[in-house]
Amino acid sequence: MNKAESFSAQTLYYLLRNRLAVIGGTLVALVFILSIFAPLFAPYNPSMIDIKSILVGPSSSHWLGTDDLGRDVLSRMLWGGRISLEVGFVAVGIATLIGIILGSLAGFYGGWIDSLIMRAVDIMLSIPTIFLILAVIAILEPNIINIMIIIGLTSWMEPARLIRAEFITLKEREFVIAAHAIGATDRRIIMKHILPNGLSPILVSATMGIGGAILIESGLSFLGLGVQPPTPSWGSLLSAGKDNIEIAWWLSAFPGLAILITVLGYNLLGEGIRDALDPRQRE
Amino acid sequence: MLTYTLKRLLLMIPILIGITVLSFGIMRLAPGGPAEAQMEFSAKASAEARERLRKLYGADQPFYKQYATWLHKFVTLDFGTAFADGRKVKDKILERLPITLAINLLSLGLVLLIAIPIGILSATRQYSLLDRFTTFFVFIGFSTPSFWLALLLIYLFGVQWGILPISGIQSLETTGLTVWGRLSDWGHHLILPVFVSAFGGLAGFSRYVRNNMLEVMRQDYIRTARAKGLPESVVIFKHALRNALMPVITILGLSLPGIIGGSVIMEQVFGIPGMGQLMFQSVMSRDYNLVMGILVPAAFLTMLGNFLADIGYAFADPRVRLK
């Protein structure tokens, strides 16, 4: 490892050496490809109802069986993956964006802005997240956009804290003082100088956040408060599985396995990134 | 110590205000409002009747006045009545709270009981087979959707092998049973929910204990203790453990929201009549009084718990008080 390589290159090198991270990355890529190309891979139309094949177990024509309306489970799972990934990415995107804005303001300016924002964090952390999400869904109707926004609005606290911590450390560094000395505006300092250097913990938080968002989304769909039928979601598949648990084990087993594998992938990857970024690991 | 406590207490006030404003604001966002929600049940209500009802609920007042009235009632523990059956919200909550608390506290106890020893063992035998196995287990635990695990276990233990009941907290025929019999029945019903609830927490917590122990064991005072010739068990239990466990208090504080609100999905899956199920039902029926009556006390209790955790931490680690 040439010490003169860039930070990103070094990080990538350590990442690729970490076996668990590579496994995680592979899982993530696998789910990504399967979901994006769902229209290509799915053997059936996920919404196609076939009354003659209700609750059929895994067979050669339906590899993962059918659900209570005769729809092919495999196809529904592939399309459901799209929903999960969509919600995961957008929700985390929203949360990270809010977190970056609030965190950088709090960390950079300190004082009352910092107190105000930290109070807001405390308030949000005091309310049990599920209750808050449920309460808001009660007001708005459950559809995919609302879910993305809600999960985003309840997950910004961690990125905010991380960015704030980075800013507090970084704003005393010479390059910031220098930028300030030559008359750079606050905005420029924040966005062009400090932020690019402080983003690494966010990468970890975002990656693992995607896994978390997927879990929340499937939980909501399981309760019937997520994406509405006929849109397939892993959570709603599991809900049907619960209703038919005595006669159709496949409806419960496979969608849950999909969630497990996907979230596992993101968690392993995220942990791997964290280890790769950890200065103590570098020789 | 006293100043620290007072400072934390004072900080709680703005948070409380924020929680109440946020919750009240959410309730106000509701299309229609309490008057309309009640009206849905009687289509024949005339415009005058609606107006009268709105006046009754004070829905025609400006925001801050409504907030003040609501806050005043809230502080006196008058949460209003539920729309569904007209019973007082407070009664419904008190009825369900013990069950949820029981499940979550038992689950937390299980987590502490198992995760701490595992964490310690993993740290002291880093990179061993045990450590690798538990690391693997931890990641699976993080990533498993709890309701899926519940379904799997229900299928195995309830459907296939039939040794554990799959829903509710007591069987249908409990009249003839003794106290012991009833307790045993209750216990049977609780095994699966408690275990599934504990599963996710186990993973994270044992990892946290492990990481803290590793951190502590790299410290100089541990090396000194060993150099003094102390037996390893004394080194670990008397010196390392005490320091590693302090963040545990923080974790306990952070898991307080979970004690009240963590079991929503579990209660749905297992059909347990607890707070989570109540919250879910009130959400589905747009019963705003009930929703708010659960949300705000839950937030308040959480905040209280965090406060106690902070105080406990300051008590254990004097350095915190000097900040």
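**Exercise 1.** Locate A:Pro230 in chain A and characterise the peptide bond that joins A:Pro229 and A:Pro230.

*Solution.* A:Pro230 is placed in the loop between α11 (200-222) and α12 (234-243) of chain A, where helices (H or I, at least four residues) and strands (E, at least two) are DSSP runs numbered from the N terminus. The peptide bond between A:Pro229 and A:Pro230 is cis, with omega of about 5°. The model is predicted: local features need pLDDT of at least 70, side-chain atom pairs count only at pLDDT 80 or more, and totals for chains, interfaces and linings use all residues. Residues are numbered from 1 along each chain as its sequence is written, while chains are lettered from A and ligands numbered from 1 in the order in which they are written.

**Exercise 2.** Describe the backbone and environment of A:Leu55.

*Solution.* Although A:Leu55 is not a glycine, its phi is positive, about 50°. The residue A:Leu55 belongs to the loop between α3 (38-41) and α4 (73-109) of chain A. A:Leu55 has 16 other C-beta atoms within 10 Å and is therefore partly exposed (buried means 20 or more such atoms, exposed 12 or fewer, partly exposed in between, with C-beta atoms placed from the backbone).

**Exercise 3.** Determine how many residues each chain gives to the contact, and classify those of chain B.

*Solution.* Chain B gives 40 residues and chain A gives 34, contact meaning C-beta atoms, placed from the backbone, within 7 Å. On the side of chain B that touches chain A, α15(B) supplies the largest share, eight residues. This side of chain B comprises 32 nonpolar, seven polar and one charged residue (Ala, Val, Leu, Ile, Met, Phe, Trp, Tyr, Cys and Pro are nonpolar; Asp, Glu, Lys and Arg charged; the others, Gly among them, polar).

Notes
Two residues are in contact if their C-beta atoms, placed from the backbone, lie within 7 Å.
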